[in-house]
Amino acid sequence: MTAAETWMREAIAQARLALAADEVPIGAIVVHEPSNQILGRGHNRRQSDSDPTAHAEILALREAAKKIGDWRLVDCVMVVTLEPCPMCAGAMVNARVPRLIYGCSDPKAGAVRTLYRLCEDARLNHQIAVEEGVLADECAELLRAFFRAQRAMGKK
């Protein structure tokens, strides 16, 4: 198993926490790459927190920055189960995250490769190396199963 797959398994574990809380199952971790230490973890909490910014990536970035005492996450990699939205991709650019690994693409809000390419846009002051498709099928199935269940219950 590659490091990216090992890390994605941790992000999937976070997504399962979101699922258990009846949140959209998206999980993220921030790893300090030189030490291989997880600095931040997050899963969607928009419903639980009544907060539109409580995306998995934002929560993981906040925890990592607090842990190291700096907003610049220059030696870190973000690992997330779903392609980040514009808000989350922008936050990663602003945090100077050098590397992003994500699972499945997001055809409705993906801002890394699908709808936009914010992480690699040369007009911005920072670019992020992107690795996509890590354990994509497993990440996508979590989301599909969640939304199937929501529709069956007359939600969403």
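I'll start with a turn. Strands β1 and β2 form a hairpin with four residues between them, and N36 in that turn has a positive phi of about 60°. What we have here is a predicted model, so every value I give is computed from it.

Stay with that hairpin for a moment. The two strands pair in the antiparallel sense, and six bridges hold the pairing of β1 with β2. If you want a register to check on screen, look at A28, which stands opposite G42 in β2.

β1, residues 27-32, also pairs with β3, residues 76-82. That pairing is antiparallel as well, with five bridges. Two positions give you the register here: I29 is opposite V79 in β3, and V30 is opposite M78 in β3. Five of the six residues of β1 are buried, so the strand is largely enclosed by the rest of the structure.

Now the whole sheet. In what order do the five strands of the open sheet lie? The order is β2-β1-β3-β4-β5, and the pairing is mixed. The edge strands are β2, residues 37-43, and β5, residues 129-132; each has a single partner strand, so one side of each has no neighbour in the sheet. From one strand to the next, the twist averages 15°.

Let me step back to the chain. The secondary structure comes to five helices and five strands. Along the sequence, the pattern reads α-β-β-α-α-β-α-β-β-α. The radius of gyration is 15 Å, close to the 15 Å that the globule rule gives for 156 residues, so the chain is as compact as a globular protein of that length. Its C-alpha atoms fill a box of roughly 45 × 35 × 30 Å along the principal axes. Of the 156 residues, 46% are buried. As for contacts with a separation of 6 or more, 57% of them are between residues 24 or more positions apart.

Next, the last helix in that pattern. Helix α5 covers residues 136-152 and lies across β3 and β4, running at about 60° to β4. It has 17 residues, and from its first C-alpha to its last it reaches 24 Å, close to the 24 Å expected at 1.5 Å a residue.

Which residues of α5 are buried? They are C139, A140, L142, L143, F146 and Q150. Seen down the helix axis, these buried residues fall within an arc of 150°, so they line one face of α5. As a reminder, an α-helix has 3.6 residues a turn, so residues three or four places apart point the same way. What covers the buried residues of α5 includes α1, residues 3-20, together with β3 and β4. On the face turned away from the buried side, you find the exposed residues D137, R151 and A152. Just after the helix, G154 takes a positive phi of about 80°.

Helix α4, residues 86-94, can be described in a similar way. Its buried residues are C88, A89, M92 and V93. Down the axis of α4 they fall within an arc of 140°, so they too line one face of their helix. The cover over them includes α3, residues 56-68, as well as β3 and β4. So β3 and β4 come up for both helices: they are part of the cover for α4 and part of the cover for α5. Just after α4, R96 takes a positive phi of about 65°.

One last residue, E23. Where is E23 found? It sits in the loop between α1 and β1. Is E23 buried or exposed? The cut-off for buried is under 20% relative accessible area. E23 has 2% relative accessibility, so it counts as buried.

What does E23 touch, leaving out residues up to four places away in sequence? The list is A18, N44, R45, R46, Q47, S48 and F146. F146 is one of the buried residues of α5 that I listed earlier. For a sense of distance, E23 and I128 are 105 residues apart in sequence, and their C-alpha atoms are 28 Å apart in space.

To recap: an open sheet of five strands with mixed pairing, a β1 strand that is largely enclosed, and two helices, α4 and α5, whose buried residues each line one face. That's what I have.

Definitions and conventions. Residues numbered from 1 in each chain as written. Predicted model: local features only at pLDDT ≥ 70, side-chain atom pairs only at ≥ 80, totals over all residues. Heavy atoms only, no water. Pairing = 2+ DSSP bridges. Axes fitted to C-alpha atoms, helices over the stretch in contact; angles between N-to-C directions. Contact = heavy atoms within 4.5 Å. Expected span 1.5 Å × (residues − 1). Buried < 20%, exposed > 50% of the residue type's maximum accessible area, 1.4 Å probe, protein only. Arc of directions from axis to C-beta. Rg over C-alpha atoms; globule rule 2.2 N^0.38 Å.
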